[in-house]
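Here is a quick tour for anyone opening this structure for the first time. Have a look at the chain, then read on.

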Amino acid sequence: MNRKILSGLIVFFILLFPFKVGAVEFSISNVKIDAYLQKNGDVNVQETHTYQFKGKFNGITREIYPKKGAEITSFLAKERGKTLKVEKEDELYKIHRKGKKETVEITLEYVIKNSLEKHEDITEFYWPFFDQRNETDYGNMRITIYPPNNPEDVIAFGYEQAFDKQSVKANGVVEYFMGNVPSGENGDIRVAYPSILFSELAPTSSKAMKDSLIQEKESLEQKAEAFKENKQRFTSTSKLLIPFFLLLFVILLGWEHLTKKRKYSLIKEKLHQEYMLVPIEKISMPATIYYTLGVDAIHVPAALLDLVRKGAVEQRSEDEFRRLHSNVQHEHERILLKWLFDELGENGYFNIANLETFIKVEKNLSAYHKRLTEWKAAIKKEIKEAGLREKKSIYRGIFGFLAFGLLSLWISAIHYEVIPMFLITFILFLVASYIAFFYRPLSSKGFYIKEEWMQFTNRMNEIKGSDWQKVSDETRMRVIVFGANSKFAGMKKTQQWEKELQNIDSSYMSYSYFTIPILYGGFSQADKKFTDYSSSSSGSSFTGSGGGGVGGGGGGSGAF
């Protein structure tokens with residue numbers, strides 16, 4: 001029953017992420033299946049399928065998976081009495097009939113052997129004409145079962161798509177008016193007649209089955225009635241629960257928003273009162289760049305210049321550096337020193353030529369990216385341990401509890417096929433789950449650091465040389481490090497803040513025109529080479545699934 005909603009989800013994601021395929025465009029607007037039960041147990045089947053094609057086509061397909069022990073024989077395909085070519089591949093029948101933009105009606109004829117089960121009192125035809133392997137929607141499907149004679153006693157019912165679709169005529173003929181049948185669905189039919197009608201069929205069982213079959217039918221009907229009652233009860237209850245959940249969401253989210261807004265407002269006011277030309281260093285400069293401008297902004301050039309500022313590295317020329325010591329504060333600084341001066345460089349020296357030589361060997365690209373990722377992860381770890389985000393354990397715990405309740409409602413909505421409830425609870429469940437697992441807002445410290453550096457970033461080009469002179473050389477070097485981030489370094493034009501610094505100290509010119517562009521260009525080239533190498537090495541795979549009709553039987557339709 002819940003396959004309707006699951007199919008809807010699949011359609012939703014296909015529409016959300018569309019893709020093109022080279023398949024034939026068609027629809028099956030009408031399906032008529034007539035099954036004639038014979039006295040010897042054979043079933044002569046005649047199927048008429050109406051296809052509407054929107055473009056060129058070479059024919060249609062019909063998959064027939066006989067249930068265990070049964071067999072399909074004498075398969076023929078006709079159009080207006082003319083026999084068509086049939087090609088068989090395992091359980092797939094390909095009926096050749098070329099055309100373009102037309103409606104065709106194809107009749108299929110075949111015999112099912114060993115499908116009837118003859119018991120002492122009744123003989124039953126229990127068969128799946130399609131199952132979940134079918135990939136095409138059927139429109140206006142009707143299945144008719146004809147007995148070999150006119151019995152008075154008939155038992156008929158169906159499962160899933162065929163449930164409660166049967167109609168028994170006066171002559172014992174059973175019709176299943178299936179209507180529109182979506183792809184990927186099961187719909188077994190089950191019809192039983194007195195065994196005396198099948199005089200030429202050998203018994204398959206000496207037991208009486210009539211009472212058991214009647215009980216099976218009644219059990220299905222009772223389950224359906226209970227399902228209907230429970231669905232009504234669930235629908236009524238959910239009409240009360242959903243407003244309750246929505247109100248809770250509004251209260252919790254609204255309170256959090258107002259609290260956070262007030263807190264951030266007070267921090268901005270404090271920042272205004274404690275104004276500084278350049279923010280002081282509360283976390284390392286690589287962490288500051290990562291935290292303020294994003295993971296793409298931080299790269300090796302800024303971090304290397306920061307080690308120069310701290311005295312761990314000596315800059316000998318525009319692109320050559322010497323390690324002075326490894327007594328540094330942060331793990332990411334130790335990783336960077338070892339990577340640059342031991343693995344890329346040698347004897348405690350590093351220059352950009354070392355990197356260029358290293359990445360010329362293709363197998364080294366993975367090692368380069370591994371070290372870069374490890375270094376950035378250590379920076380991220382510093383940020384995580386700096387207390388820049390709140391844990392919000394109680395708040396997230398409340399949403400975790402709500403998510404659990406919504407999950408129960410969502411599962412029930414799937415089971416009872418209440419689509420509006422399914423959609424609402426699904427959205428609320430996603431929101432609650434996200435907050436429960438991932439919501440960690442900025443702490444006061446975190447917002448203070450981000451806000452002061454963002455304000456500084458916005459006003460950098462407005463600061464005059466006379467103001468830059470008021471701060472220390474160490475502070476100005478910290479600005480150079482901050483300005484060596486990838487977002488700034490990627491700009492072709494020299495920024496105004498760089499010109500103002502150069503006016504008060506010409507030595508800063510070498511950073512803007514030589515050191516930063518050389519380092520940025522070298523590491524950007526390494527990144528690009530790894531990206532190209534990684535793209536050429538990617539691949540994908542796909543796997544299929546089995547069938548779900550009675551006895552492993554079923555099938556479906558298509559075109560080629």
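## A helical stretch to start with

This is a predicted model. Let's begin with residues 210–237, where the chain is 100% helix and 0% strand. The C-alpha atoms at the two ends of that stretch sit 40 Å apart. In the UniProt record, an unreviewed entry, residues 210–237 carry the annotation "coiled-coil region".

## Two domains

How is the chain split into domains? The domain assignment gives domain 1 as 24–207, while domain 2 is made of two pieces, 276–390 and 441–530. Going by C-alpha atoms, the centres of domain 1 and domain 2 are 72 Å apart.

## Helix 3, tucked away

Is helix 3 enclosed or open? Helix 3 covers residues 285–293, and nine of its nine residues are buried, so the rest of the structure largely encloses it. The buried residues run from Met-285, Pro-286 and Ala-287 through Thr-288, Ile-289 and Tyr-290 to Tyr-291, Thr-292 and Leu-293.

What do those buried residues pack against? Their partners are helix 4 (300–310), helix 5 (331–344), helix 7, helix 10 (444–459), helix 12 (473–483) and helix 13 (486–489). Right after helix 3 comes Gly-294, which has a positive phi, near 110°.

## Asp-306 and Phe-437

Asp-306 belongs to helix 4. Its relative accessible area is 1%, and since buried means under 20%, Asp-306 counts as buried. Leaving aside residues up to four places away in sequence, Asp-306 touches Met-285, Pro-286, Glu-333 and Val-481. Two of those names should ring a bell: Met-285 and Pro-286 are among the buried residues of helix 3.

Now for Phe-437, a residue of helix 9 (residues 419–438). Phe-437 is exposed, because its relative accessibility is 61% and the cut-off for exposed is over 50%. In sequence, Phe-437 is 38 residues from Phe-399, yet their C-alpha atoms lie 9.1 Å apart in space.

## Where helix 7 crosses helix 15

Helix 7 takes in residues 364–385 and helix 15 takes in residues 509–535. Their axes come within 10 Å and cross at roughly 115°, and the crossing is left-handed.

Which residues meet here? From helix 7 come Leu-365, Ser-366, Tyr-368, His-369 and Leu-372, and from helix 15 come Phe-523, Ala-526, Asp-527, Lys-529, Phe-530 and Tyr-533. Sorted by type, the residues of this contact are seven nonpolar, two polar and two charged.

Conventions: Residues are numbered from 1 along each chain as its sequence is written. This is a predicted model: local features need pLDDT of at least 70, side-chain atom pairs count only at pLDDT 80 or more; totals for chains, interfaces and linings use all residues. Side-chain values use heavy atoms; hydrogens and water are left out. Axes are lines fitted to C-alpha atoms, for helices over the stretch in contact, and angles run from 0 to 180 degrees between N-to-C directions. Helices (H or I, at least four residues) and strands (E, at least two) are DSSP runs, numbered from the N terminus. A crossing is left-handed if the near helix is turned anticlockwise from the far one by less than a right angle, and right-handed if clockwise. Contact means heavy atoms within 4.5 Å. Ala, Val, Leu, Ile, Met, Phe, Trp, Tyr, Cys and Pro count as nonpolar, Asp, Glu, Lys and Arg as charged, and the others, Gly among them, as polar. UniProt positions are given in the numbering used here, feature names are shortened, and annotations may be inferred rather than shown by experiment. Buried means under 20% relative accessible area, exposed over 50%, partly exposed in between (1.4 Å probe, protein chains only). Domain bounds come from an automatic or database domain assignment.
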